[in-house]
Amino acid sequence: MNHLFKSTPFHFNSLFMKTRHTNSVRTLLVVFTFILLASSCSKKSDPDPLDQYVGTWNETMVNGKASTGDKVAISKSGSVLTLSGFTANDFTATVSGSGFQADNRNIPSGVPFTFNDNSQGQIYLRNLTGSLTGDKLTLTFTVYVASSTQQVTADFTEVFTKK
């Protein structure tokens, strides 16, 4: 019986230490699980894909030939881009896939055009799209103008670099 009492405290201490160790491990697991869950639920700070378009762009090329002159300023509001300075009025574009497309399929340029017979018409940009490759912004569109007697269309590709 004396032997039982001598081993009993050892047995209780051993059992107490295992329980305490198990509780510590469980507590740590709960804390780490909570931290992982909290970090996975936090708002990510991924860059907005529209930010790459925002800024002032200077024309470097028109239809494959060096050119300077046009400037385009692009700003964003929510998921919509606004292009300024390219035509008399600002216009909006929506980003999709690897580029953007003007929301208005026929953008009035604000510039009149006089034909050989002195008839006049308003110049429109049709089906304007934009894309980025590296640091170059490419705008592709069709120029359309019509008068009561004539009409003309021409495809354009303009390349810009960020100012």
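In the predicted model, Asp51 has a relative accessible area of 39% and is therefore partly exposed. The side chain of Asp51 meets that of Lys76 in a salt bridge, with an N to O distance of 2.6 Å. Asp51 belongs to the loop between H1 and E1 whereas Lys76 belongs to strand E3, so this contact ties together parts of the chain that are 25 residues apart in sequence. A salt bridge also joins Lys76 to Asp48, and here the closest N and O atoms are 2.7 Å apart. Asp48 is likewise placed in the loop between helix H1 (2-41) and strand E1 (55-62), and Lys76 in strand E3 (residues 71-77), so the pair ties together parts that are 28 residues apart in sequence. The structure holds two salt bridges, and Asp48, Asp51 and Lys76 are linked in a network. Lys76 counts as partly exposed because its relative accessibility is 34%. Asp48, with a relative accessibility of 28%, also counts as partly exposed.

Aromatic contacts were examined next. The count comes to five aromatic pairs. One of them is formed by Tyr53 and Phe100, whose rings are arranged edge-to-face, with 5.3 Å from centre to centre and 85° between the planes. This pair links distant parts of the chain, since Tyr53 is found in the loop between H1 and E1 and Phe100 in strand E6 (residues 99-102), 47 residues apart. Both Tyr53 and Phe100 are buried.

In a further pair, the ring centres of Phe86 and Phe141 are 5.6 Å apart and the planes stand at 85°, so the arrangement is edge-to-face. Distant parts of the chain are again linked: Phe86 lies in the loop between strand E4 (80-84) and strand E5 (91-96), Phe141 lies in strand E9, and the two are 55 residues apart. Phe86 has a relative accessibility of 13% and therefore counts as buried. Phe141 is also buried, its relative accessible area being 3%. Through ring pairs, Phe86 and Phe141 are joined with Phe156 and Phe160 into a cluster. A contact between a charge and a ring is found at Arg126, whose charged end sits over the ring of Tyr144 at 3.7 Å from the ring centre.

Members of the aromatic cluster also appear in the lining of the largest pocket, among them Phe86, Phe141 and Phe156. This pocket holds about 200 Å³ of space. Besides these phenylalanines, the lining comprises Asp70, Thr87, Ala88, Ser109, Val111, Ile123, Leu125, Val143 and Glu158. At least two lining residues come from each of strand E7 (106-114), strand E8 (120-133), strand E9 (136-146) and strand E10 (151-162). By class, eight residues of the lining are nonpolar, two are polar and two are charged.

Terms used:
Residues numbered from 1 in each chain as written. Predicted model: local features only at pLDDT ≥ 70, side-chain atom pairs only at ≥ 80, totals over all residues. Heavy atoms only, no water. Salt bridge = Lys/Arg side-chain N within 4 Å of Asp/Glu carboxyl O. Helix = DSSP H or I, 4+ residues; strand = E, 2+ residues; numbered from the N terminus. Buried < 20%, exposed > 50% of the residue type's maximum accessible area, 1.4 Å probe, protein only. 1 Å grid on protein atoms, 1.4 Å probe; cavity = no way out; pocket = protein on both sides within 12 Å on 5 of 7 lines; lining within 4 Å. Points joined across faces, edges and corners; volume = space filled by probe spheres on them. Nonpolar A, V, L, I, M, F, W, Y, C, P; charged D, E, K, R; others polar. Phe/Tyr/Trp six-rings, centres within 6.5 Å; stacked < 30°, edge-to-face > 60°. Lys NZ or Arg CZ within 6 Å of the ring centre and 35° of its normal.
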